[in-house]
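These notes are meant for a colleague who is looking at this structure for the first time. They go through a handful of local features, one point at a time, and each can be followed in the structure shown.

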Amino acid sequence: MASTEPLLEFLATAGCLRHLKCLEDKELLVQDILMFQVVHRVRGPFERFRDGLRTLGVLDQIKMYPESFRSLLCHQAEPLTADMVDKLFIIRLSPAGSNRRAAEEVVVPFWRDYLQDVEDEHGPEKLSGILSFATGATEVPPTGFSPNPSIEFIHGPSNLPIANTCVNCLKLPLLQTYSKFKERMDFAVGNTYGFGQE
């Protein structure tokens with residue numbers, strides 16, 4: 001019981017005040033909590049939504065023609081394009097006139113050329129891999145990213161791109177040729193599997 005004390009209020013609200021006699025009882029408690037979170041907690045709003053659709057006969061139409069309503073009620077991500085991926089990222093450049101800015105401005109066209117080459121050679125699937133490398137998501141979420149994806153630059157000895165998926169930030173190395181940039185990007189994206197996914 002000591003292990004459930006910090007959650008007592010939540011468990012009471014969820015109707016999960018089960019007396020745990022042994023360690024195996026934890027599975028029953030987990031099932032109770034899941035039922036509350038997944039089914040019971042959303043039942044009221046779901047029923048009100050259903051009743052609203054029923055008011056004008058919309059629910060009957062949805063049941064008769066589900067495919068016609070799929071695009072309205074279910075999110076389906078568009079296949080990624082180089083332009084879409086480019087527009088997702090905010091490029092954070094150093095102050096104008098600085099040496100850092102000049103080096104960064106060499107890499108920005110490499111980034112855009114790389115996206116275009118990936119689209120032409122491999123299509124949306126590899127663009128999805130680039131997005132996953134930078135953000136952890138293989139497609140744009142229905143509500144967008146928070147925070148917005150950004151590009152920063154590595155002013156140091158590293159010559160591989162680095163991603164921080166917690167803040168959706170991709171750091172690009174400052175390389176002098178497009179061929180080196182493409183090679184490093186392909187290596188980084190191709191050798192990162194992300195969150196145990198294959």
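1. In this predicted model, a good place to begin is N168, whose side chain has a polar atom 2.7 Å from the backbone oxygen of P147. N168 sits in the loop that runs between strand β3 (162-164) and strand β4 (169-173), and with a relative accessibility of 5% this residue counts as buried. Once its neighbours within four places in sequence are set aside, N168 is in contact with A134, T135, F145, S146, P147, N148, P149 and S150, so that P147 appears both in this list and in the polar pairing just described.

2. How many disulfides does the structure hold? It holds zero, and for C166 the reason is distance, because the closest cysteine sulfur, in C169, is 11 Å away, which is too far for a bond. C169 is likewise in no disulfide, its nearest cysteine sulfur being that of C166. As for their surroundings, C166 counts as exposed at 70% relative accessibility, whereas C169 is buried, with a relative accessible area of 5%.

3. On the surface, F46, F49, L72 and L73 form a nonpolar patch that has about 470 Å² of accessible area together. Helices α2 (26-55) and α4 (66-73) are the elements that give two or more residues to this patch. One of its members, F49, is found in helix α2 and is partly exposed, with a relative accessible area of 48%.

4. Helix α2 also contains V30, which counts as partly exposed at 41% relative accessibility. The C-alpha atom of V30 is separated by 9.1 Å from that of C16, a residue 14 places away along the chain.

5. Turning to charged pairs, side chains of opposite charge can pair when their charged atoms come close. The structure holds eleven salt bridges, and one of them joins the side chains of K87 and D83, with 3.1 Å from N to O. Why are K87 and D83 separated by about one helical turn? They are four residues apart in helix α5 (residues 82-88), and therefore about one turn lies between them. K87 counts as exposed at 64% relative accessibility, while D83, at 43%, counts as partly exposed.

6. Another salt bridge is formed by R112 with D86, and here the closest N and O atoms are 3.0 Å apart. This pair links distant parts of the chain, since R112 belongs to helix α6 (residues 99-122) and D86 to helix α5, with their positions 26 residues apart in the numbering. The two partners also fall into separate accessibility classes: R112 is partly exposed at 41% relative accessibility, but D86 is buried, with a relative accessible area of 17%.

7. A further salt bridge, at 3.3 Å from N to O, brings together the side chains of K182 and D186. Both residues lie in helix α8 (residues 178-190), where they are four residues apart, about one turn of the helix. K182 counts as partly exposed at 21% relative accessibility, and D186 is partly exposed too, with a relative accessible area of 24%. This pair belongs to a wider arrangement, in which salt bridges that share partners join E121, K126, K182 and D186 into one network.

Notes
Residues are numbered from 1 along each chain as its sequence is written. This is a predicted model: local features need pLDDT of at least 70, side-chain atom pairs count only at pLDDT 80 or more; totals for chains, interfaces and linings use all residues. Side-chain values use heavy atoms; hydrogens and water are left out. Patches are made of residues with over 30% relative accessible area and no salt bridge: like charges are joined within 9 Å, nonpolar side chains (Val, Leu, Ile, Met, Phe, Trp, Tyr) within 5 Å. Accessible areas come from the Shrake-Rupley method with a 1.4 Å probe; for residues, only the protein chains shown count as cover. A salt bridge is a side-chain nitrogen of Lys or Arg within 4 Å of a carboxyl oxygen of Asp or Glu. Buried means under 20% relative accessible area, exposed over 50%, partly exposed in between (1.4 Å probe, protein chains only). A polar contact is a pair of N or O atoms within 3.5 Å; within protein, one must be able to donate a hydrogen and the other to accept it, and residues adjacent in sequence count only if both atoms are side-chain atoms. Contact means heavy atoms within 4.5 Å. A disulfide is a pair of cysteine sulfur atoms within 2.5 Å.
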